[in-house]
Amino acid sequence: MTASRILLVVAGLAVAAYGAVLVLDLPGRTIALIAVWAGGGVIVHDFVFAPLSAVLGYTGRRLVKGSWWAPIAVAALCSATLIFLAVPVFDTPGAKPDNPTVLDRDYPMGLMICLLIIWACVPLYQVGAALMQRRRANN
């Protein structure tokens, strides 16, 4: 192992130990809820998201041919990540009429704009790749 890897491992272990100390200061019920949530996340990942991703990847590869596959796969991954990150704010949790500064943005519209930008990059990538290929061919 190189020195940088050893440093990264030591730093990671230190951060994990600090997190464990912080969790152990919580009440027992909260620790149990954290364990259930973490275990549930692993189960949902292994039995829902991973198989679904495999099926979608296999199907997508069959449907999308040629050079379009890579940019569409990247755009789909970015879209899924954004959607998962946006889910918690869609029903405006914590928003109160007496405090208009909490969740004061139009998050669904922001998500749509981000998704449009991501998917607009797919054909732009194709155009850029074609131009680069032409440029290499001419040199």
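In this predicted model, the lining of the largest pocket draws at least two residues from each of two helices, α2 (28-63) and α3. Helix α2 gives the largest share of that lining, with nine residues. In total, 18 residues line the largest pocket. Those nearest its centre are Ser53, Leu56, Ala76, Leu77 and Ala80. The space inside the largest pocket comes to about 500 Å³. As for chemical class, 12 of the lining residues are nonpolar and six are polar, while no charged residues take part. A reader setting up a closer look at the pocket may thus start from a lining of nonpolar and polar residues, with α2 as the main contributor.

Helix α3 spans residues 69-86, and Serine 79 is found within it. Is Serine 79 buried or exposed? With a relative accessible area of 8%, Serine 79 is buried, because that value falls under the 20% cut-off for burial. Leaving aside residues up to four places away in sequence, the residues that Serine 79 touches are Leu115, Ile118 and Trp119.

A second polar residue invites a similar look. Glutamine 126 has its place in helix α4, which covers residues 107-138. The relative accessible area of glutamine 126 is 12%, so this residue, too, counts as buried under the 20% limit. Which residues does glutamine 126 touch, not counting those up to four places away in sequence? The partners are Ser67, Trp68 and Pro71.

Turning to the chain as a whole, the secondary structure consists of four helices and zero strands. Read from the N terminus, the order of elements is α-α-α-α. The radius of gyration is 22 Å, well over the 14 Å that the globule rule gives for 139 residues, so the chain is more spread out than a compact globule. Along the principal axes, the C-alpha atoms fill a box of roughly 65 × 55 × 30 Å.

Burial and contacts complete the picture. Of the 139 residues of the chain, 8% count as buried; Serine 79 and glutamine 126 are among the buried residues. The accessible surface of the chain is about 11,200 Å², and carbon and sulfur atoms account for 73% of this area. Among contacts with a separation of 6 or more, 60% join residues that lie 24 or more positions apart.

Note on methods: Residues are numbered from 1 along each chain as its sequence is written. This is a predicted model: local features need pLDDT of at least 70, side-chain atom pairs count only at pLDDT 80 or more; totals for chains, interfaces and linings use all residues. Side-chain values use heavy atoms; hydrogens and water are left out. Buried means under 20% relative accessible area, exposed over 50%, partly exposed in between (1.4 Å probe, protein chains only). Contact means heavy atoms within 4.5 Å. On a 1 Å grid over the protein atoms alone, a cavity is a set of points where a 1.4 Å probe fits but cannot get out, and a pocket is an open set with protein on both sides within 12 Å along at least five of seven lines; lining residues have an atom within 4 Å of a point. Grid points are joined across faces, edges and corners, and a volume is the space filled by probe spheres set on the points. Ala, Val, Leu, Ile, Met, Phe, Trp, Tyr, Cys and Pro count as nonpolar, Asp, Glu, Lys and Arg as charged, and the others, Gly among them, as polar. The radius of gyration is taken over C-alpha atoms; the globule rule is 2.2 Å times the number of residues to the power 0.38. Accessible areas come from the Shrake-Rupley method with a 1.4 Å probe; for residues, only the protein chains shown count as cover.
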